[in-house]
Amino acid sequence: GIPLERLRALEAGEAKPGWEELERLAKHFVVSVRDLLPYDDDLDRGIKVLRAAEARVIEQERGGRRQYTYWSRVMTAALPNFRPVELLLHLTRRQDVVLNRGHFFHQYTQVLHGGPVAFLWEWDGTVHQELFAEGDSWLIPGFVPHGFYSTDPARLGRILAVTFGQHLTGD
């Protein structure tokens, strides 16, 4: 549906595609339109670095209590749906946890330090709990409400949570 000369101009970077053309190309190549869009090359010598001192830190409160401290971790325009954060879990009692509403993307989670870490999630109207030790990991599919807390106030849990966009079975 796109004339050959137009395709050649697009491939050579001599013309900018319209939205309809992007949709046709994405469908033909079985990719998302986003995969066809240019991105700012933010890599340095082929990699991306974020020093700990440069990480953005965010304190999050829910239900009137500080629930988590977040540290951003390295991200790049080359992988736009890959978003790692590190969390320090401040809550130490299950009744203080306020579940989120779930993420649009899926989430890989691993206990880095401390714990045990209690993971709470809602499934079919029931809140479930599982305990995890250092090194344990789990996957949370998109849109599953969840939250975390540290079971030992002397060993607050620190977890790595990596959200990523990719189709999983059942999406």
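Patches are made of residues with over 30% relative accessible area and no salt bridge, where like charges are joined within 9 Å and nonpolar side chains (Val, Leu, Ile, Met, Phe, Trp, Tyr) within 5 Å. A salt bridge is a side-chain nitrogen of Lys or Arg within 4 Å of a carboxyl oxygen of Asp or Glu. The model is predicted: local features need pLDDT of at least 70, side-chain atom pairs count only at pLDDT 80 or more, and totals for chains, interfaces and linings use all residues. Residues are numbered from 1 along each chain as its sequence is written, and side-chain values use heavy atoms, with hydrogens and water left out.

**Exercise 1.** State which residues form a nonpolar patch on the surface, and place Phe29.

Solution.
- Step 1: The patch consists of Phe29, Val31 and Leu36, which together have about 250 Å² of accessible area (Shrake-Rupley method with a 1.4 Å probe; for residues, only the protein chains shown count as cover).
- Step 2: Phe29 belongs to helix α2, residues 19-29. Helices (H or I, at least four residues) and strands (E, at least two) are DSSP runs, numbered from the N terminus.
- Step 3: Phe29 has a relative accessible area of 51% and is therefore exposed (buried is under 20%, exposed over 50%, partly exposed in between, with a 1.4 Å probe and protein chains only).

**Exercise 2.** Describe the second largest pocket by its volume and lining.

Solution.
- Step 1: On a 1 Å grid over the protein atoms alone, a pocket is an open set of points with protein on both sides within 12 Å along at least five of seven lines, whereas in a cavity a 1.4 Å probe fits but cannot get out. Lining residues have an atom within 4 Å of a point.
- Step 2: The pocket holds about 420 Å³ of space; a volume is the space filled by probe spheres set on the points, which are joined across faces, edges and corners.
- Step 3: Its lining has 20 residues, and Tyr70, Val85, Leu87, His103 and Thr163 lie nearest the centre.
- Step 4: Two or more lining residues come from each of β1 (57-62), β2 (65-72), β3 (82-89), β8 (146-150) and β9 (158-164). The largest share, four residues, is that of β2.
- Step 5: The lining divides into nine nonpolar, eight polar and three charged residues (Ala, Val, Leu, Ile, Met, Phe, Trp, Tyr, Cys and Pro are nonpolar; Asp, Glu, Lys and Arg are charged; the others, Gly among them, are polar).

**Exercise 3.** Compare the burial of the partners in the salt bridges Asp96 to Arg93 and Arg66 to Glu59.

Solution.
- Step 1: The structure holds 11 salt bridges.
- Step 2: Asp96 and Arg93 meet at 2.9 Å, N to O. Asp96 is buried at 10%, whereas Arg93 is partly exposed at 39%. Shared partners join Arg65, Arg93 and Asp96 into one network.
- Step 3: Between Arg66 and Glu59 the closest N and O atoms are 3.4 Å apart. Arg66 is partly exposed at 42%, and Glu59 is partly exposed at 44%.

**Exercise 4.** Examine the backbone at Arg45, Phe143 and Pro116.

Solution.
- Step 1: Arg45, in the loop between α3 (33-36) and β1, has a positive phi near 55° without being a glycine. Arg45 is exposed at 74%, and its side chain forms a salt bridge with Asp44 (3.3 Å, N to O).
- Step 2: Phe143, in the loop between β7 (137-140) and β8, has a positive phi of about 70° and is not a glycine. Phe143 is exposed at 56%.
- Step 3: The peptide bond from Gly115 to Pro116 is cis, with omega near 10°. Pro116 sits in the loop between β4 (106-113) and β5 (117-123).
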